[in-house]
Amino acid sequence: MAGVSADEKPTVALPAVAREVEEFVSTGGWNQPTQLFALVPTAELLVQQPELAGQLDPRASPLTPIAQDSLPDSELDRALAGIVWPEVVRGCALAQEIVVLPPEAEAELAAGDLDDEGARRFAAEHPERREARLVAAVLRDGSAACVLRLRGTVEVPEEVVAHPELAPNLTRALLETLKP
């Protein structure tokens with residue numbers, strides 16, 4: 001990363017950290033609880049915990065995700081609203097399993113008069129639904145990265161999609177946790 005300032009490295013590394021979090025969570029298989037990770041500068045972590053020097057390389061990975069306690073699947077917005085990170089935390093990432101619907105089903109859902117439970121039931125029972133794991137990661141500078149792993153089936157292979165705008169509401173909520 002020659003020519004990249006120390007301030008830019010975490011932003012440049014954010015998509016890689018989002019993929020790293022998704023890969024870590026995927027080692028546990030599917031049906032995992034919602035998981036939250038603090039993103040801390042690897043160099044600062046090594047100052048605090050020098051015994052990790054053989055496991056972490058701040059040049060290769062400027063940010064290290066640190067798993068936090070599980071969050072509830074229901075009322076995630078309330079759980080996130082109560083989080084305040086210390087200054088050493090430069091960002092955070094959240095991994096959660098979701099159901100992805102085809103666009104016509106999304107339109108049908110949006111046009112309906114379903115409450116939250118009815119909407120969940122509609123999505124869970126839809127014949128074209130796809131289970132997925134979404135990881136959204138943000139930094140204090142406002143940058144975001146998202147990774148979506150669509151669960152494969154016998155007929156459809158697993159897919160991984162990465163784009164910073166996959167979950168704008170979730171990235172906004174995560175950014176709120178980083179405000180002083």
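Helices and strands here are DSSP runs, a helix having at least four residues and a strand at least two, and both are numbered from the N terminus. The model is predicted.

**Whole chain**

Start with the cartoon of the full protein, coloured by secondary structure. Six helices and six strands are present. Following the sequence, their order is α-β-α-β-α-β-α-α-β-β-β-α. Along the principal axes, the C-alpha atoms fill a box of roughly 50 × 40 × 30 Å. The radius of gyration is 18 Å, which agrees with the value near 16 Å that a compact globule of 180 residues would have.

Now switch on the surface. The accessible surface is about 10500 Å², and carbon and sulfur atoms account for 52% of that area. Of the 180 residues, 37% are buried. Among contacts with a separation of 6 or more, 66% join residues 24 or more positions apart.

**The largest nonpolar core**

Hide the surface and select L36, L71, L80, W85, L94, L170 and L174. These belong to the largest nonpolar core, which has 25 residues, and they touch the most other members. Next, colour the elements that supply at least two residues each: strand 1 (35-41), helix 2 (42-48), helix 3 (76-81), strand 3 (91-100), strand 4 (130-139), strand 5 (144-150) and helix 6 (168-177). Which of them gives the largest share of this core? Strand 4 does, with four residues. In soluble globular proteins, nonpolar side chains tend to be buried together.

Centre the view on L174. Leaving aside residues up to four places away in sequence, L174 touches L36, L80, C92, L94, A136 and V138. Then move to a second core, separate from this one, which has 15 residues. To find this second core, select L14, A18, V25 and V135, which are among its members.

**Helix 6**

Return to helix 6 and show the side chains of L170, T171, L174 and T177, which are buried. Look down the helix axis: the buried residues fall within an arc of 105°, so they line one face of helix 6. Bring back the surroundings to see what covers these residues, including strand 1, helix 3, strand 3, strand 4 and strand 5.

**Helix 5**

Select residues 116-125, which form helix 5; its buried residues are G118, F122 and A123. Viewed down the axis, they lie within an arc of 135°, so they too line one face of their helix. Rotate to the face turned away from the buried side, where the exposed residues D116 and E125 sit. On the buried side, the packing partners are strand 3 and helix 4 (103-111).

**The cysteines**

Finish with C92 and C146. How many disulfides are there? The count is zero, where a disulfide requires two cysteine sulfur atoms within 2.5 Å. Draw a distance between the two sulfurs: for C92, the closest cysteine sulfur is that of C146, 11 Å away and therefore too far for a bond. Starting from C146, the closest cysteine sulfur is in C92, again at 11 Å. Are these residues buried or exposed? C92 has 0% relative accessibility and counts as buried. C146 is buried as well, with a relative accessible area of 2%. C92 has already appeared on this tour, as one of the residues that L174 touches.

Terms used:
Residues numbered from 1 in each chain as written. Predicted model: local features only at pLDDT ≥ 70, side-chain atom pairs only at ≥ 80, totals over all residues. Heavy atoms only, no water. Core = buried A, V, L, I, M, F, W, Y, C linked by side-chain atoms within 4.5 Å. Buried < 20%, exposed > 50% of the residue type's maximum accessible area, 1.4 Å probe, protein only. Contact = heavy atoms within 4.5 Å. Arc of directions from axis to C-beta. Rg over C-alpha atoms; globule rule 2.2 N^0.38 Å. Areas by Shrake-Rupley, 256 points an atom, 1.4 Å probe, with all protein chains shown as cover.
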